[in-house]
Amino acid sequence: MKVVLFGANGFVGHNMAQVLRENGVEPIEASLSTGLDLRDTAQTTAFLQKHRPDFVINCAAHVGSLNYVTEQAATVVADNTRMILGMYEAVAHACPRAIVINPIANCAYPAKADLFREDEWWDGHLHRSVLSYGATRRLLWATAECFQMQYAVRSINLLTPNMYGPFDSTDPNKAHALNALISKFVKAEKINQPELPIWGTGVAIREWLYAKDFARLVWQVLLQPDRKGLEQVLNVAQNDGLSVKELVDIIQAKFDYQGKVVWDHSKPDGAPKKVMDDTRFRQVFPDFKFTEFEEGIAKTIAYYESVFPY
């Protein structure tokens, strides 16, 4: 099995590389930080021609917090659009028989939805707070479909909830939401910070996916890419959500932080509720077991403690 992993040095990519190695596959890693710019079609084509992979796992993206993708909206939409087109053009010319696996963040679902069902994921406008990134996740699917129509490039598209776990950024403006919360608590406790600001009001409800669980699921896809149900978009879903306030209470209980938690209402909450229907997922992966939330939180805390100070 020959696997190219784009975005290998990023949060999801790092977890993916770890799972591949645990299963005896050494990924062919590439990321912007190691010199491969997916926005450069010629460079990406040359890379893929050199390696001729069986699979391309596309974990590359320009993304950050709600605040980040709003403040940097034009840059985020432009970079991700060019990355998507550059990657698919390169695959079509260099290795059209390779199967591309795309995680698609559930911010691609319409703003009006609170239970996300696959057949409804284009049924409405995106929430403005994630417009720049969510629009490119829809574009990723559309590009995949178009390149299959013209070049027979096959893609497997997995719709994912908010992820958390080790190896994410230590910058709260760049990290995924739950990781940003945990890193803030680690820092606040270590430096005896008198107040800990948390963005938003705490009312937004989100579903959470431990990043290594996503990587384990992709491994199962690599072993059986013709599994029935993968020919259409699929939620990686548990049909369960927590409010940000509930999350903060769970995380805070893991610390001995003596300061005051302060909610910053000037920062956006995003969509009120984002929970994913798991009906189709359980038909395709009936035996898949997700990491218990408490265990995932503990491992994420341990990671941020190991990389402190930041």
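Visitor: At roughly what angle do the axes of helix α1 (residues 11-22) and helix α7 (residues 211-223) cross?
Guide: The model is predicted, and local features need pLDDT of at least 70, side-chain atom pairs count only at pLDDT 80 or more, and totals for chains, interfaces and linings use all residues. Helices (H or I, at least four residues) and strands (E, at least two) are DSSP runs numbered from the N terminus, and axes are lines fitted to C-alpha atoms, for helices over the stretch in contact, with angles from 0 to 180 degrees between N-to-C directions. The axes of α1 and α7 come within 8 Å, and their crossing angle is roughly 50 degrees.

Visitor: Which word describes the placing of α1 relative to α7?
Guide: Angles under 35 degrees count as roughly parallel, over 145 as roughly antiparallel, 65 to 115 as roughly perpendicular and the rest as oblique. With the axes crossing at roughly 50 degrees, α1 is therefore, relative to α7, oblique.

Visitor: Which strands are at the edges of the open sheet of four strands?
Guide: Two strands pair if DSSP finds at least two bridges between them. The sheet has mixed pairing and runs in the order β5-β14-β9-β12. Those that pair on one side only are the edge strands β5 (115-116) and β12 (242-243).

Visitor: Which residue of β12 stands opposite Ile-205?
Guide: Residues are numbered from 1 along each chain as its sequence is written, and side-chain values use heavy atoms, with hydrogens and water left out. Strand β9 (residues 205-206) pairs with β12 in the antiparallel sense over two bridges. Opposite Ile-205, in β12, stands Ser-243.

Visitor: Which helix gives the most to the lining of the largest cavity?
Guide: On a 1 Å grid over the protein atoms alone, a cavity is a set of points where a 1.4 Å probe fits but cannot get out, and lining residues have an atom within 4 Å of a point; points are joined across faces, edges and corners, and a volume is the space filled by probe spheres set on them. A search of the whole structure finds one cavity of 30 Å³ or more, and the largest cavity holds about 40 Å³ of space. Among the residues lining this cavity are Leu-38, Asn-58 and Arg-137. The most, four residues, comes from helix α4 (residues 73-94).

Visitor: Which residue has a cis peptide bond from Phe-308?
Guide: The residue is in the segment after α10 (293-307). With omega near 10 degrees, the cis bond from Phe-308 leads to Pro-309.

Technical notes
1 Å grid on protein atoms, 1.4 Å probe; cavity = no way out; pocket = protein on both sides within 12 Å on 5 of 7 lines; lining within 4 Å.
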